[in-house]
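Open the model in your viewer and keep the selection tool at hand. Each stop below says what to select and what is there.

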Amino acid sequence: MKKENRPSGSWLGDSSFTNAEPESNHKDINKYLVYEDCLLSLFQNCPLCTCPCVVKKAVRGTYLSVQQNCPNCGYNQQWNSQPLVGSTPAGDLQLSAAISFTGSSFAQVDKVLTALKVKSIDKATHQRHVRNYLDPCIYSTWQSVQSGLLQTMTSKDVVNLRGDLKADVNAKYDSYTVRDMETDNVIDVQLVQSEVGHSNGVEMEGLVRSLDFLESSGVKIDTFTTNRNRQVKKYLREEKPEVTHCYDVRHIAKDVSRKLAELGKKKGCKMIQKWQQSIVSHLHWSSQLSPSGDYTVAKWSSLLNHVHDMHDHANRLFPKCLHSPVTGHSKKWLKSGTKPSIRLQKIIQNKRLLKDVAKLSPLLQTSDIEGFHSLIRRFAPQNVAFKFRGLLCRLYLAAMHHNENKGQQRLQNEDYVQNLMDVLFEEVLTDPGRFTAKLRALPLPAALDATRETPVRDIVVSTSVVHLIGHKYPVVHLVKLT
Ligand SMILES: [Zn+2]
Ligand SMILES: [Zn+2]
């Protein structure tokens, strides 16, 4: 049977063609990879008299404009590859937005496009888009996302929160994240200037700012779970007596695990290695849903009997192991008075540890803090120099991505990207000034404020003289101390 003659391109088959109806909103329109010669062939001949035409092109970023003139009949037309938003090609803006909102890097995307020889924007243009439109868009979107979260939280009688420090977001900053333990949503992110060798102070700064913000927003905090930073302990005890301070079981479990590993390496203590994992699991289990700190401690301490094959305990809170009777246990039971037994007892019944165990959070700690920290690394790579507000916007992106994808292992939901695109094209680009003003109103941290808003000055103190050195004028004043 003779095959039907089809125009070139018939390999797609009829079913591959869909009605080509113009979209109303240009951000949602599909884009194609079009080869220049394929495109220009459309303009070679005059549509009226079929004579060869003079064809000129102009390229700006991702934008292409073609002019076609017919020397024979005078027909001419100008064809543009994409719509303009004001005077900016929509594709340039959307490319920048897609890179920024998905947490991709301009350098990587630029490499790919250059290898493909796809016309693209330069770095300065991208950075201008980020500054003038994208960061203001992210900031405004996060504010509405956050106010939605806060609205839900304030409608509850009490909430349980946890706070985590991430040191070295980049060379200058650390971040402090507060999450709702019930939903695992990130509800606040603070960016704190690093102090060399003083991560405790940085953690305090983030925590105080976050708690003040959440409380002033009307969130009633029942428990707040953190690591065992002493300053944090003191602050919560003295300044926030209404909040119950709990410890994150993972921080303590890590400590215990490290001590057991050390003990397992000691001479005659190898058997501890077999116990290490179950002891750490027992610590997690002791804290879960525990009705009181005393009960957690009783459950945790029962372990010492258990490893000696004793399963009844002289403690009315936890009088008996909950497991079924032990037969043919594969691990070696410990014998009282032996080196591993004495050393293990020292670890399990360490006074400071017991005090901390009493304060373990009874809530199931499902959230995976490492997961969020690696998101921060993705959205704010350490090798890219961000300014304060730009970096904060990247953290907000990470938070929005996290809140949408928490608990999902594989499929990544990118609804927040579409949401950001909508805000960008439907709101920000119609009135960018209003949005940039909002972002600029975001106060810089005090230390930064001082160096930025006033001329930079270093104060050099010698024995009796203070030199104020302005950057423009090497020596401005000599002030004698009296
Ligand atoms: Zn013509
Ligand atoms: Zn037992």
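In this predicted model, select helix α4 (residues 123-154) together with helix α14 (residues 415-426). The two helices pack at an angle of about 115 degrees, and their axes are 10 Å apart. The crossing of α4 past α14 is right-handed. To see the contact, show Tyr 133, Cys 137, Ile 138, Ser 140 and Thr 141 on α4, and Asn 419, Leu 420, Val 423 and Leu 424 on α14. Six of the residues in this contact are nonpolar and three are polar, with no charged ones.

Keep α4 selected and add helix α2 (residues 90-101). Here the axes come within 10 Å and cross at roughly 80 degrees. Angles of 65 to 115 degrees count as roughly perpendicular, and α2 and α4 are therefore roughly perpendicular to each other. On α2 the contact is made by Asp 92, Leu 93, Ser 96, Ala 97 and Ser 100. On α4 the residues to show are Thr 125, His 126, His 129, Val 130, Tyr 133 and Leu 134. Sorted by class, the contact of α2 with α4 has five nonpolar, five polar and one charged residues. Tyr 133 of α4 was also shown at the previous stop, in the contact with α14.

Stay in α2 and select Ile 99. Is Ile 99 buried or exposed? Ile 99 has 21 other C-beta atoms within 10 Å, so this residue is buried. Beyond its neighbours within four places in sequence, Ile 99 is in contact with Ser 104, Phe 106 and Val 109. A distance can be drawn from Ile 99 to His 126: C-alpha to C-alpha they are 9.3 Å apart, with their positions 27 residues apart in the numbering.

Next, turn to the sheet. Select its five strands, which lie in the order β8-β7-β6-β9-β10 and form an open sheet with mixed pairing. Strands β8 (186-193) and β10 (244-247) stand at the edges; each has a single partner strand, so one side of each has no neighbour in the sheet. From one strand to the next, the twist averages 25 degrees.

Within the sheet, select β6 (residues 159-166). Six of the eight residues of β6 are buried, so the strand is mostly covered. On one side, β6 runs antiparallel to β7 (residues 173-180), joined to it by six bridges. Two pairs can be picked out there: Leu 165 with its bridge partner Tyr 176, and Arg 162 opposite Arg 179. With β9 (residues 221-226), β6 pairs in the parallel sense over four bridges. In that pairing, Asn 160 stands opposite Thr 223.

Now follow β6 into the loop that leads to β7 and select Asp 168. Most residues other than glycine have a negative phi. In the hairpin of β6 and β7, which has six residues between the strands, Asp 168 takes a positive phi near 55 degrees. Asp 168 counts as partly exposed, because 13 C-beta neighbours lie inside 10 Å.

For the last stop, select Asp 309, in the loop between α9 (293-306) and α10 (339-348). What is the phi of Asp 309? The value is near 65 degrees, which is positive in a residue other than glycine. Asp 309 has 12 C-beta neighbours inside 10 Å and therefore counts as exposed.

Key. Residues are numbered from 1 along each chain as its sequence is written. Chains are lettered from A and ligands numbered from 1 in the order in which they are written. This is a predicted model: local features need pLDDT of at least 70, side-chain atom pairs count only at pLDDT 80 or more; totals for chains, interfaces and linings use all residues. A residue is buried if 20 or more other C-beta atoms lie within 10 Å of its own, exposed if 12 or fewer, and partly exposed in between; C-beta atoms are placed from the backbone. Two residues are in contact if their C-beta atoms, placed from the backbone, lie within 7 Å. Two strands pair if DSSP finds at least two bridges between them. Axes are lines fitted to C-alpha atoms, for helices over the stretch in contact, and angles run from 0 to 180 degrees between N-to-C directions. Angles under 35 degrees count as roughly parallel, over 145 as roughly antiparallel, 65 to 115 as roughly perpendicular and the rest as oblique. Ala, Val, Leu, Ile, Met, Phe, Trp, Tyr, Cys and Pro count as nonpolar, Asp, Glu, Lys and Arg as charged, and the others, Gly among them, as polar. A crossing is left-handed if the near helix is turned anticlockwise from the far one by less than a right angle, and right-handed if clockwise.
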